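Biologist: Could you take me on a close look at one part of this protein? I would like to understand its interior and what is built around it.

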Amino acid sequence: MACQNTEFARGIPPLMLNTNPQSATISLDSQKPCPCGSNTAFADCCSPRLTGASPARTAEQLMRSRYTAHVVCDVDYLVKTWKAPDPRPVNPNAIRQWAQESDWCGLVIHDTTDGNPDDPDGWVEFSAFYRTPETSPASSQYSHRTPPCQHREKSHFVQIDGLWYYVEGETVDTSTSGAKPGRNTPCPCGSGKKFKRCCGA
């Protein structure tokens, strides 16, 4: 069964697709830390990217803003900044449902290659952490006792007429890649604890 593919997950099989998903984006406090993990206020980080006031100047900035777009369910931004090799399978409703049904826990950037303002393209390797009802079955709510799922990918981006776009990515095997955050870094599950005392225990 074919699934919608974005950089953070394989998405929703068409037969599971909600044909009437809610379309509203989620509002975030502009002065709180940006969901992308940059340690910068949302207003000074991904918010200007999402609104179009200040487009991403690097591939990493676009990567971070696309993660934040998943957090706030801004599907229009995700579609607008995606140059899929074959756009026919791109299903905005599937992306929206995936974004709405996932509890986004954190983003870790592992490596970047090129992707600077003067580069025609670039690559960003990252891990996105998330929970879904299927992976947190302890209750009807997301169970924060359950370690988040991890999706690690090396994504390809291109710059066209001064604007960056996501193209596609390759999934990285987390069983051998050493993809986990450092043991003394904040846990991506959002608990506020160090990784070694939380999901890395």
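Which residues have the most contacts inside the largest nonpolar core?

Modeller: Happy to, with one reminder at the start: this is a predicted model. The residues you ask about are Leu-107 and Phe-157, which have the most contacts inside the largest nonpolar core, a set of 30 residues. Several elements feed that core: α2 (59-71), α3 (75-80), α4 (92-101), β1 (103-114), β2 (121-131) and β4 (163-171) each supply at least two residues. The top contributor is α2, which gives six residues. For background, nonpolar side chains in soluble globular proteins tend to be buried together.

Let us zoom in on Phe-157. Setting aside neighbours within four places in sequence, Phe-157 touches Ala-59, Leu-62 and Met-63, among others. Its contacts also include Asp-121, Gly-122 and Val-124, and a run made up of Trp-164, Tyr-165, Tyr-166 and Val-167.

Now for the frame around this residue. Following the chain from the N terminus, the elements come in the order α-α-α-α-β-β-β-β, that is, four helices and four strands. The four strands form an open sheet, ordered β1-β2-β3-β4 and paired antiparallel. Because β1 and β4 stand at the edges with a single partner strand each, one side of each has no neighbour in the sheet. From one strand to the next, the twist averages 30°. Helix α2 lies across β1, β2, β3 and β4, and runs at about 165° to β1.

The pairings can be followed strand by strand. Ten antiparallel bridges link β1 with β2, and in this pairing Asp-114 stands opposite Gly-122 of β2. The hairpin of these two strands has six residues between them, and there Gly-115 takes a positive phi near 80°. On the next step across the sheet, β2 joins β3 (residues 149-160), again antiparallel, through ten bridges. One of the partnerships with β3 sets Ser-127 against Arg-152.

Arg-152 brings us to the charged side chains. The search of the whole structure turns up two salt bridges. In one, Arg-152 meets Glu-125, with 2.7 Å from N to O. Since Arg-152 sits in strand β3 and Glu-125 in strand β2, the pair ties together parts that are 27 residues apart in sequence. Both Arg-152 and Glu-125 are buried.

The other salt bridge joins Glu-60 to Arg-64, and their closest N and O atoms are 3.0 Å apart. Both of these residues belong to helix α2, four residues apart, or about one turn of the helix. Their surroundings can be put in numbers: Glu-60 has 26% relative accessibility and so counts as partly exposed, whereas Arg-64, at 16%, counts as buried. The cut-off behind that split is 20%, because buried means under 20% relative accessible area.

Finally, a step back to the chain as a whole. Of its 201 residues, 43% are buried. Counting contacts between residues at least 6 apart in sequence, 54% join residues at least 24 apart. The chain exposes about 10700 Å², with carbon and sulfur atoms supplying 48% of that area. If you want one place to begin on screen, centre the view on Phe-157, whose contacts include Leu-62 and Val-124, and then look for α2 lying across the four strands.

How values were computed: Residues are numbered from 1 along each chain as its sequence is written. This is a predicted model: local features need pLDDT of at least 70, side-chain atom pairs count only at pLDDT 80 or more; totals for chains, interfaces and linings use all residues. Side-chain values use heavy atoms; hydrogens and water are left out. Buried means under 20% relative accessible area, exposed over 50%, partly exposed in between (1.4 Å probe, protein chains only). Contact means heavy atoms within 4.5 Å. Accessible areas come from the Shrake-Rupley method with a 1.4 Å probe; for residues, only the protein chains shown count as cover. A nonpolar core is a set of buried Ala, Val, Leu, Ile, Met, Phe, Trp, Tyr and Cys residues joined through side-chain atoms within 4.5 Å. Two strands pair if DSSP finds at least two bridges between them. Axes are lines fitted to C-alpha atoms, for helices over the stretch in contact, and angles run from 0 to 180 degrees between N-to-C directions. A salt bridge is a side-chain nitrogen of Lys or Arg within 4 Å of a carboxyl oxygen of Asp or Glu.
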